[in-house]
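User: I'm new to this structure and would like a close look at a single part of it. Could you pick one helix, walk me through it slowly, and then show me what sits around it?

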Amino acid sequence: MKLALQKVEGLMRNGGRNIEVRDLKGATPATKANAMWARLREQSAPPGKVLAAIIGTAMCNAADRDTRKKEYRQVQIAKVLGRMAGGQTKRWPTHHTDCTLPQEKVISWYVASEGLVLREVGKKAEDAADFVIHDHMEALLTHHKQRLKDKSKRILKKLPFPVKQGSR
């Protein structure tokens, strides 16, 4: 786990300079992917939180989908990281005499989800968490299912009415 955290931290540290979202138009997929890691770094996203997002997305994929589709899992991981990296918002004050008009102008830019960029980010992220995802996935899923089962038992005990066994 410590090695995976160090790899994620390395990806964020080596992401290069933080290119503004509006300036990424026409850039190569590799540049856009590095910019995503740099935005995560600039937002001070903890590597543990980024790793948790990678593992959580892989767990959801392992529980719901055909686990042989590696590229699908990588793209889903990259989409989550892209949302964490966020976009960019600029604000300018406006000077209107009419107080019903907005007092500031706000423009927001967000990176489009593009196939090659998502594949590259997802591959790097999955490579960083490879050991945790592949070697410990069964244990993680079993632990998660047990926690859900225990939680549902606690909820059923607190209900103000009796519940038949086997009914929903």
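Analyst: Sure, let's begin at the end of a helix and work backwards. Just after α4, Gly 86 has a positive phi of about 70°. Keep in mind as we go that this is a predicted model.

The helix itself, α4, covers residues 70-85. It has 16 residues and reaches 23 Å from its first C-alpha to its last, close to the 22 Å expected at 1.5 Å a residue. Which of its residues are buried? They are Arg 73, Gln 74, Val 75, Ile 77, Ala 78, Leu 81 and Ala 85. If you wonder about the spacing in a list like that, a bit of background helps: an α-helix has 3.6 residues a turn, so residues three or four places apart point the same way.

Now for the partner. Helix α4 packs with helix α5, residues 115-128, and their axes are 7 Å apart at an angle of about 95°. Angles of 65 to 115 degrees count as roughly perpendicular, so that is the word for how α4 and α5 sit relative to each other.

Here's who takes part. From α4 come Lys 70, Glu 71, Arg 73, Gln 74, Val 75, Ile 77, Ala 78, Lys 79 and Leu 81. On the α5 side they meet Leu 118, Arg 119, Val 121, Gly 122, Lys 123, Ala 125 and Glu 126. Sorted by class, this contact has 7 nonpolar, 2 polar and 7 charged residues.

Let's zoom in on one of these residues, Gln 74, which belongs to helix α4. Is Gln 74 buried or exposed? Its relative accessible area is 10%, and since buried means under 20%, Gln 74 counts as buried. Leaving out residues up to four places away in sequence, Gln 74 touches Leu 118, Arg 119, Gly 122, Lys 123 and Glu 126. You'll recognise those names from the α5 side of the packing.

Moving on from there, look at Glu 114. The side chain of Glu 114 is joined to that of Lys 32 by a polar contact of 2.7 Å. Lys 32 sits in helix α2, and with a relative accessible area of 11% it is buried. Neighbours within four places in sequence aside, Lys 32 is in contact with Leu 24, Ala 27, Glu 114 and Val 117. Of these, Val 117 brings us back to α5, given that this helix runs over residues 115-128.

From α2, go back along the chain to the loop between α1 and α2. Gly 15 lies in that loop, and it is buried, with a relative accessible area of 5%. Not counting residues up to four places away in sequence, Gly 15 touches Asn 34, Ala 35, Trp 37, Ala 38 and Arg 41. Gly 15 and Arg 39 are 24 residues apart in sequence, yet their C-alpha atoms are 8.5 Å apart in space. Lys 25 is in the loop between α1 and α2 as well, but Lys 25 is exposed, at 79% relative accessible area. Measuring C-alpha to C-alpha in the model, Lys 25 and Lys 157 are 55 Å apart, with their positions 132 residues apart in sequence.

On the other side of α2 (29-42) is the loop leading to α3, and Ser 44 is found there. Phi of Ser 44 is near 55°, a positive value in a residue other than glycine. Ser 44 counts as exposed, at 59% relative accessibility.

That loop leads into α3, residues 47-64, which has 18 residues and reaches 26 Å from first C-alpha to last, close to the 26 Å expected at 1.5 Å a residue. Buried residues in α3 include Val 50, Leu 51, Ile 54 and Met 59.

Finally, α3 has a crossing of its own, with helix α1 (residues 2-13): the axes come within 9 Å and cross at roughly 105°. That makes α1 roughly perpendicular to α3. Ala 4, Leu 5, Val 8, Glu 9 and Met 12 in α1 meet Pro 47, Gly 48, Val 50, Leu 51 and Ile 54 in α3. By class, that contact has 8 nonpolar, 1 polar and 1 charged residues. Within α1, the buried residues are Ala 4, Val 8, Gly 10 and Met 12.

How values were computed:
Residues are numbered from 1 along each chain as its sequence is written. This is a predicted model: local features need pLDDT of at least 70, side-chain atom pairs count only at pLDDT 80 or more; totals for chains, interfaces and linings use all residues. Side-chain values use heavy atoms; hydrogens and water are left out. Axes are lines fitted to C-alpha atoms, for helices over the stretch in contact, and angles run from 0 to 180 degrees between N-to-C directions. Helices (H or I, at least four residues) and strands (E, at least two) are DSSP runs, numbered from the N terminus. Angles under 35 degrees count as roughly parallel, over 145 as roughly antiparallel, 65 to 115 as roughly perpendicular and the rest as oblique. Contact means heavy atoms within 4.5 Å. Ala, Val, Leu, Ile, Met, Phe, Trp, Tyr, Cys and Pro count as nonpolar, Asp, Glu, Lys and Arg as charged, and the others, Gly among them, as polar. The expected span of a helix is 1.5 Å times one less than its number of residues. Buried means under 20% relative accessible area, exposed over 50%, partly exposed in between (1.4 Å probe, protein chains only). A polar contact is a pair of N or O atoms within 3.5 Å; within protein, one must be able to donate a hydrogen and the other to accept it, and residues adjacent in sequence count only if both atoms are side-chain atoms.
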